[in-house]
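Here is a short tour of a single-chain model, written for someone who likes to look at coordinates. Have the viewer open and follow along.

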Amino acid sequence: MPNRAERRAQAKANRRGVPSQYDSTRGRGRGGMIDEYQLQERSRRLQDGESLGPWKPSAIVESEPETVLNTNPDYTNPKMFKAPHSVRQWFRVGSWTLISLAIIAFFVVMWLPSHPMWLIATVSGVFIVGVVSLFFTAGDSKHNPNLDQNGTAV
């Protein structure tokens, strides 16, 4: 009958490492083998949000304050559609007008029996000028009421 120290060592060996049915070394050196117990502990610590350094017992549970977004999903801005009041906004209206006219022209050209190449190139050019001009007339994202504090569209 094994003594107490041997029984404790055997119980510890059973708790740690590779279970006996998966032990291909049959108790020999385990230098490069995966330690299942360590993997389980690491997985548990990752799920609990603990650091992956050596485990140290701690009675202090540090709770991180939750960040709450202060955006209202029922947000309606009465000033969202107001008349353009600066040159930049007038150019933005012009850009969207060019894009709209180019889309309508694409549909018209699509139904024409003959497609002259100069007409298709002109419509494409007007569309490209409208889209590129939006990049130059776009305002700063900080002043966009449709974006939350993280820059996500609301």
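In which helix does Arg88 lie? Arg88 belongs to helix H3. Please keep in mind throughout that this is a predicted model.

**Overall layout**

Let us step back to the whole chain before returning to that arginine. The secondary structure amounts to four helices and zero strands, and reading along the sequence gives the pattern α-α-α-α. Of the chain's 154 residues, 10% count as buried. The accessible surface comes to about 13600 Å², and 61% of that surface belongs to carbon and sulfur atoms. As for contacts between residues at least 6 apart in sequence, 43% of them join residues at least 24 apart.

**Helices H3 and H4**

Helix H3 covers residues 87–110, and helix H4 covers residues 117–137. How far apart are the end C-alpha atoms of H3? They are 34 Å apart, which agrees with the 34 Å that its 24 residues should span at 1.5 Å a residue.

Within H3, the residues Ser95, Ile99, Ala102 and Val109 are buried. What do the buried residues of H3 pack against? They pack against H4.

Ser95 makes a good example of that packing. This residue of helix H3 counts as buried because its relative accessibility is 3%, under the 20% cut-off. Leaving aside neighbours within four places in sequence, Ser95 is in contact with Gly130, Ser133, Leu134 and Thr137.

Thr137, in turn, lies in helix H4. Is Thr137 buried or exposed? With a relative accessible area of 8%, Thr137 is buried. Not counting residues up to four places away in sequence, Thr137 touches Arg88, Phe91, Arg92 and Ser95.

That brings us back to Arg88. At 45% relative accessibility, Arg88 counts as partly exposed. Once neighbours within four places in sequence are set aside, its contacts are Phe136, Thr137, Ala138 and Gly139. Arg88 and Ala138 are 50 residues apart in sequence, yet their C-alpha atoms are 8.1 Å apart in space.

**A nonpolar patch and the UniProt record**

Which residues form the nonpolar patch on the surface? They are Ile103, Phe106, Phe107, Met110, Trp111, Phe127, Ile128, Val132, Phe135 and Phe136, and together they have about 1100 Å² of accessible area. The elements giving two or more residues to this patch are H3 and H4, and H4 gives the most, with five residues. One patch member to look at is Met110, whose place is in helix H3. Met110 is partly exposed, with a relative accessible area of 47%.

The unreviewed UniProt entry lists residues 90–112 and 118–138 as "transmembrane region". In the model, the chain over residues 90–112 is 91% helix and 0% strand, with the end C-alpha atoms 33 Å apart. Over residues 118–138 the chain is 95% helix and 0% strand, and there the end C-alpha atoms are 30 Å apart.

**Salt bridges in helix H2**

Now look at helix H2, residues 36–48. Side chains of opposite charge can pair when their charged atoms come close. How many salt bridges are counted? The count comes to two, and the table sets them out.

| Salt bridge | N to O distance | Place |
|---|---|---|
| Arg44 and Glu41 | 3.2 Å | helix H2, three residues apart |
| Arg44 and Asp48 | 3.0 Å | helix H2, four residues apart |

In both pairs, the spacing is about one turn of the helix. An α-helix has 3.6 residues a turn, so residues three or four places apart point the same way. Glu41, Arg44 and Asp48 are linked in a network of salt bridges. At 29% relative accessibility, Arg44 counts as partly exposed. Asp48 is partly exposed too, with a relative accessible area of 47%.

**After H4**

A last stop is Gly151, found in the segment after H4. Gly151 counts as partly exposed, at 48% relative accessibility. Gly151 and Ser141 are ten residues apart in sequence and 7.4 Å apart in space, C-alpha to C-alpha.

Notes:
Residues numbered from 1 in each chain as written. Predicted model: local features only at pLDDT ≥ 70, side-chain atom pairs only at ≥ 80, totals over all residues. Heavy atoms only, no water. Patch = residues over 30% accessible without salt bridge, like charges linked within 9 Å, V, L, I, M, F, W, Y side chains within 5 Å. Areas by Shrake-Rupley, 256 points an atom, 1.4 Å probe, with all protein chains shown as cover. Salt bridge = Lys/Arg side-chain N within 4 Å of Asp/Glu carboxyl O. Buried < 20%, exposed > 50% of the residue type's maximum accessible area, 1.4 Å probe, protein only. UniProt positions renumbered as here; feature names shortened; annotations may be inferred. Contact = heavy atoms within 4.5 Å. Expected span 1.5 Å × (residues − 1).
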